[in-house]
Amino acid sequence: MAGFVVKEDIEKVRDMANLYDIVSDDVTLKSSGSQYTGLCPFHDEKTPSFFVNPSNGFWHCFGCGKSGDVFDYVQEREGVDFREALEIVADRYHYELHYEDRSTGKRKPNAGVTRSRLLEACAEAQKFFVSQLTSKDALKARQLLDGRKFQRADCERFGCGYAPRGGSELVRYLSSKGFTIDEMVGAGLARMGTNGPYDYFRGRVTWPIRDTTGRTLGFGARKLFDDDRINAKYINTPDTKLYHKNQVLYGIDMAKESIRKTHQIVIVEGYTDVMACHLSGVTTAVATCGTAFGEEHAKIARRLIADEKLGGLHLVGPMRRSRIVFTFDGDSAGQKAALHAFGLDGQFLTQAFVAVAHDGLDPCDLRIQDGEDAVRSLIADARPLYDFVIDTVVDRFDTQYAAGKVGAERAVAPIIAQIRDISLQHQYTRQTAGHIGVPIDDLNAAVIRERARLGVRDEDIYAQPPQRQPMSQRQAQLDAAQRYAVARSNAENQHYWRVDDTVFMTEQQFMGVVVQIPRAFDPTQFGNITERCFLTPVFRSLFQALEVAGGLPAPDAQMTQSAWVGSLVQAAGPELAPVVQELAAMPLPLSVDPQAADAAKEGVAPLRSPSQQEASYARQLLVNLLDADCMRRIAQIRSRMKMLPEGDEKFRLLGEISRIEQNRKQIQDFVFNSSVR
């Protein structure tokens with residue numbers, strides 16, 4: 001086991017890392033002032049509350065409250081500790097970490113056997129499978145791919161490979177590369193038998209299943225030989241530390257950029273279907289891997305597509321740009337899959353469409369039979385999912401007869417009842433009643449009965465999520481943490497005290513500028529700020545942390561934005577570090593030059609000079625704090641004077657008030673003169 005990573009390497013990797021690029025692997029980010037925003041990858045949301053500030057290397061979600069730097073992000077995303085997150089980032093930027101043995105003080109290269117080693121094992125396995133596709137043993141694999149009109153260049157593009165039939169070829173190959181049996185088993189590449197380890201994939205065509213960054217997490221494999229001991233036509237890597245079937249989509253690495261640009265994602269059912277779609281120009285196609293499309297897949301799709309909205313109103317429903325297209329088969333299995341999709345989020349489903357080819361052909365067979373134009377037309381002509389499912393049920397009956405009308409009504413009522421949005425449910429009730437030829441009231445009554453039987457909750461997909469309700473007061477024996485949770489929930493959810501606190505907002509914005517644009521302040525005037533200027537305890541404590549850090553950076557200091565924020569985080573300590581991180585990602589009410597926003601994507605940058613607008617805003621905040629401090633001091637002195645008799649002390653205090661008022665005038669003159677300049 002390697003020792004501690006040397007500190008210099010940690011800082012070098014931190015400076016190398018581009019937070020915008022790393023987050024963009026999972027989230028479609030849009031410019032929002034001096035930051036970028038998107039849907040949080042750590043909790044399900046429909047309104048973006050996740051902010052990223054690439055220039056200082058910090059992010060924060062104002063929804064779930066999580067925040068941090070690039071290493072914190074990778075830790076959260078991958079579910080790893082700091083050391084593994086550091087190794088993942090270092091590997092991305094091809095930086096070799098060095099480790100220090102504290103007992104000897106000697107450095108040595110990485111010898112760890114963690115997640116990064118599993119990724120390396122999968123990468124080596126992919127190289128091996130690809131190399132085997134040209135072997136004599138792989139004739140059947142080549143014939144299968146050639147029969148589906150995939151040329152050699154196509155196979156190379158999509159990473160097609162072949163797992164030999166022998167049973168231990170991959171194990172021997174990986175052993176020669178220095179991988180242990182535990183690593184092979186941990187990556188899902190091998191299993192232990194009574195006679196030792198053996199290959200998990202044997203005698204099959206293989207496809208690499210990668211994450212959005214292009215790292216191979218596992219494999220899918222198709223049966224070729226009748227004597228295969230595994231009867232399943234397709235098998236996938238079992239769930240491992242890297243691979244979770246309900247969280248991966250084959251082809252997402254290739255489709256990611258097209259999905260972002262077009263706001264469309266096409267869900268197909270097989271690896272060859274993904275290949276056929278991409279080769280036909282449908283470059284947004286991905287496939288689930290051995291499981292039905294579920295809520296975790298929907299979250300991935302939603303983050304990449306990015307919900308369309310106008311102000312606070314969600315633009316849900318069939319839109320020209322944003323949509324999810326399922327290519328279900330027209331058979332019973334495809335219909336079952338469509339019905340399964342009804343369990344997904346209501347807002348997500350309003351953007352869901354279904355594409356079914358004639359004769360139930362999948363995209364791969366359609367390309368073979370009718371050509372690539374037919375594949376493109378299939379996706380372009382997709383129908384809304386709700387319409388597809390309802391019409392599929394109704395079309396089973398001959399509605400020209402009374403018995404058929406009754407049967408269709410009874411069969412479709414439970415389907416319409418599952419549409420959670422009440423407005424959509426009413427619309428489809430009216431639409432379907434006309435299709436069947438029955439009175440609207442009859443079908444509506446049947447739908448209401450089924451809705452009650454199924455326990456479907458009425459929802460409004462246009463509305464914001466409901467506020468969390470206070471914990472029940474009937475709970476007995478509440479411990480201290482629970483009591484605090486109840487009290488805080490009551491405070492958050494009450495409606496009788498909703499006054500905007502201008503003092504809090506001013507102090508918050510002031511500290512936000514300190515964290516993000518420290519050189520926006522005039523050093524001389526900033527020197528007049530003391531902790532007395534802050535009424536909010538957390539900002540008073542942060543100002544003390546700023547003094548611990550040595551105050552604002554010197555004008556000639558050679559330092560990066562990330563290093564500056566890092567110094568504040570360290571000075572603030574564990575209790576206040578999350579506050580600094582949130583302020584580092586908080587959007588400031590300032591317009592940003594598009595060129596400057598694009599430059600921010602490049603990652604951590606040196607401390608920069610402020611724009612005229614930023615300097616003016618910082619000056620306004622600073623003056624507001626100083627002026628408020630003067631006002632409070634005058635009020636305190638006047639209150640004290642009321643308690644004093646006439647005499648020297650009262651006269652002295654009057655002089656003190658005069659000096660403070662003169663100071664207020666100087667502050668105002670500073671603002672005027674600065675504006676003139």
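Mentor: Two strands pair if DSSP finds at least two bridges between them. Strands (E, at least two residues) and helices (H or I, at least four) are DSSP runs, numbered from the N terminus.

Trainee: Ok. What kind of model is this?

Mentor: This is a predicted model, with residues numbered from 1 along each chain as its sequence is written. Local features need pLDDT (the predictor's confidence in each residue, from 0 to 100) of at least 70, side-chain atom pairs count only at pLDDT 80 or more, totals for chains, interfaces and linings use all residues, and side-chain values use heavy atoms, leaving out hydrogens and water.

Trainee: Let's look at E13. Is strand E13 buried or exposed?

Mentor: Eight of the eight residues of E13 (residues 216-223) are buried (under 20% relative accessible area, 1.4 Å probe, protein chains only), so this strand is largely enclosed by the rest of the structure.

Trainee: And how many bridges link strand E12 to E13?

Mentor: Seven, with E12 (residues 204-210) antiparallel to E13. Thr 206, for one, has Ala 221 of E13 as its bridge partner.

Trainee: What's in the hairpin of E12 and E13?

Mentor: Five residues sit between the strands, and Gly 214 there takes a positive phi near 95°.

Trainee: What about E13 and strand E14?

Mentor: E14 (residues 234-236) also pairs with E13 in the antiparallel sense, over three bridges. Look at Arg 222: its bridge partner in E14 is Tyr 234.

Trainee: Switching topic. What's the strand order in the open sheet of five strands?

Mentor: E2-E3-E4-E5-E6, paired antiparallel. At the edges, E2 (30-32) and E6 (67-68) each pair on one side only.

Trainee: How do strands E3 and E4 pair?

Mentor: E3 (residues 35-38) and E4 (residues 50-53) share three bridges in the antiparallel sense. Gly 38 has Phe 50 in E4 as its bridge partner.

Trainee: Which strands does helix H3 lie across?

Mentor: H3 (residues 70-78) crosses E4, E5 (58-61) and E6, at about 50° to E5. Angles run from 0 to 180 degrees between N-to-C directions, and axes are lines fitted to C-alpha atoms, for helices over the stretch in contact (heavy atoms within 4.5 Å).

Trainee: And how do helices H11 and H15 pack?

Mentor: H11 (residues 271-279) and H15 (residues 363-370) meet at about 50°, with their axes 7 Å apart. Thr 272, Asp 273, Ala 276, Cys 277 and Leu 279 of H11 make the contact with Pro 363, Cys 364 and Arg 367 of H15.

Trainee: Last one: what's the average pLDDT of the protein chain?

Mentor: It's 83, and 82% of the residues score at least 70. Residues 307-319 stay under 50, though the model has 33 contacts for them beyond four places in sequence. Where pLDDT is low, the predicted coordinates should not be read in detail.

Technical notes
Buried < 20%, exposed > 50% of the residue type's maximum accessible area, 1.4 Å probe, protein only.
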